[in-house]
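User: Please take a close look at one strand in this model and at what surrounds it. I would like one connected account, with the side-chain pairings elsewhere in the chain added at the end.

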Amino acid sequence: MRYAQGRGLTDAERVARERARLEAVARFEAGETNRAVAAVLRVTDRSVERWRRQWREAGQAGVSSKGSPGRPKLFAVQMARLERELERGALAHGWSDQRWTLARVKNLIGRLFHVSYTVEGTWRLLKRHGWSWQQPARRAIERDDDAVEVEERGLAAGKSTAAACNGWIVFEDEAGQSMTPPRARTWGRIGQTPVVHVRGRGAGRVSMAGMTCYKSGERSRLIYAVREYTGRKNQPKGFGWRDFRDLLVRARIQLGGPIVLVWDNVRIHLTADMREFIDATSDWLTVFQLPTYAPDLNPQEGVSSLVKRDIGNLAAADLGQITRAVKRKLKMLQYRPQVIDGCLAGTGLTLGYE
């Protein structure tokens, strides 16, 4: 039975290994050669050479196993503390950024517990306890988590309001895209960074305003408006309060029921004209405000992310090409309610009315 190198042994393999060591000592004392011992015990010649050297230096005690190198070196209490420290982030432990690399985790283990791990051993330890290499989500430092928790309870009240009036929960958000496309991953030759050629000249911007609409028992909807700004005189750069008013009226017509609107606190949403419109339509429109710096609670952010991912590395000849690409992606998403549902699931919110 050959023993694999570089991995932890099972209990049965560990017992068999210890028996092989003891039998090797008896054969050393009988004067057998290394090759003969290795052939009988079915181990490598190198293992027998190491055992013979240990036997000469310390006798049978030197050959006895010191324990499996794959056995965890941290107790459960120590591992729990390590996980708490990892959750605090690398910045809290003196590094200049928030990346946890294997070398940094290895260093942290040494600092906290005076235990030495290899980089590979650190990887195995983290994998064994449910950690993985991931791309983190960004979150603003100014975010007030207490306000977010309060607002999540407010959204639960919004669901109850929608249930009481048999209405729709509608999340609204805006996004924009210039002539410079987002960068997306692509295959390339090792050592040669792929280059996407884009136009350095040309002004303009494509603005998107979208609404993801949900109602228990109904197909999820996406309602949107796209505006192209080319820099002409007196051309509006983005959406005004009238555009949001018209979009809400269109949503009311398409959905055919009351709307519970959830959006953020940008200035255009809080203008006097917008508030007057909301007050005048209170029979079918109820508004809840998201807290500041909490885009992760808005599923429309996920829709915008999907649109931008689709136009990644787009070498557009003009702004019109970007506009057409944005409209095509939004139109495609309208026919994929399961994707819109996935954007809601990504926020951690549910449709279950409370």
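Analyst: Two strands are said to pair if DSSP finds at least two bridges between them. The model is a predicted one, and the part examined here is strand β1, residues 168-177.

By the pairing criterion, β1 has a partner in strand β4 (residues 259-263), with four bridges in the parallel sense. Within that pairing, valine 170 is matched with leucine 261 of β4. β1 also pairs with strand β2 (residues 205-214), here antiparallel and through nine bridges. In this second pairing, glycine 176 has serine 207 of β2 as its bridge partner.

How many of the 10 residues of β1 are buried? Nine of them are, so the strand is largely enclosed by the rest of the structure. Buried here means a relative accessible area under 20%.

Phenylalanine 171 is a useful residue from which to view this enclosure. Phenylalanine 171 lies in strand β1, and its relative accessibility of 4% puts it in the buried class. Setting aside neighbours within four places in sequence, the contacts of phenylalanine 171 include Gly210, Met211, Thr212 and Tyr214. Val262 is also in contact with phenylalanine 171, as are Leu297, Asn298, Pro299 and Gln300. Leu344 and Leu349 complete that list of contacts.

In soluble globular proteins, nonpolar side chains tend to be buried together. The largest nonpolar core in this model has 31 residues, of which Phe171, Leu222, Val326 and Leu330 touch the most other members. The elements giving two or more residues to this core are the strands β1, β2, β3 (221-229) and β4, together with the helices α11 (299-310), α12 (319-334) and α13 (337-345). The most comes from α12, which gives six residues. Apart from this core lies another one, of 22 residues, with Ala209, Cys213, Phe239 and Leu255 among them.

Aromatic contacts add a further layer. A pair of aromatic rings is described by the distance of the centres and the angle of the planes. There are six aromatic pairs in the structure. One of them is tilted and consists of phenylalanine 28 and tryptophan 55, with 5.5 Å from centre to centre and 40° between the planes. Phenylalanine 28 belongs to helix α1 and tryptophan 55 to helix α3 (residues 45-58), so this pair ties together parts that are 27 residues apart in sequence. Phenylalanine 28 is buried at 3% relative accessible area, whereas tryptophan 55 is partly exposed at 22%.

Back at the strand, phenylalanine 171 forms an edge-to-face pair with tyrosine 214, the centres being 6.2 Å apart and the planes at 70°. Because phenylalanine 171 is in β1 and tyrosine 214 is in β2, the pair ties together parts that are 43 residues apart in sequence. Tyrosine 214 has a relative accessible area of 0% and is buried. The strands of this ring pair, β1 and β2, are those joined antiparallel by nine bridges. Ring pairs also link Phe239, Phe244 and Trp263 into a cluster. One member of that cluster, Phe239, was named above as part of the 22-residue core.

The charged pairings come last. Side chains of opposite charge can pair when their charged atoms come close. The structure holds six salt bridges. In one of them, glutamate 23 meets arginine 27 with the closest N and O atoms 3.1 Å apart. These two residues are four apart in helix α1 (residues 11-29), which means that about one helical turn separates them. Glutamate 23 is partly exposed, at 35% relative accessibility.

Another salt bridge joins arginine 88 to glutamate 85, with 2.8 Å between the closest N and O atoms. Both residues lie in helix α5 (residues 76-88), three residues and about one turn of the helix apart. Glutamate 85 is buried, with 13% relative accessible area. In the same helix α5 lies glutamate 87, which is exposed at 63%.

A further salt bridge brings together the side chains of aspartate 246 and arginine 245, at 3.2 Å from N to O. Aspartate 246 is partly exposed at 41% relative accessibility, and arginine 245 is partly exposed at 26%. Salt bridges with shared partners also join Glu23, Arg27 and Glu32 into one network.

Terms used
Residues are numbered from 1 along each chain as its sequence is written. This is a predicted model: local features need pLDDT of at least 70, side-chain atom pairs count only at pLDDT 80 or more; totals for chains, interfaces and linings use all residues. Side-chain values use heavy atoms; hydrogens and water are left out. A salt bridge is a side-chain nitrogen of Lys or Arg within 4 Å of a carboxyl oxygen of Asp or Glu. Buried means under 20% relative accessible area, exposed over 50%, partly exposed in between (1.4 Å probe, protein chains only). A nonpolar core is a set of buried Ala, Val, Leu, Ile, Met, Phe, Trp, Tyr and Cys residues joined through side-chain atoms within 4.5 Å. Contact means heavy atoms within 4.5 Å. Rings of Phe, Tyr and Trp (its six-membered ring) pair if their centres lie within 6.5 Å; planes under 30 degrees apart count as stacked, over 60 as edge-to-face and the rest as tilted.
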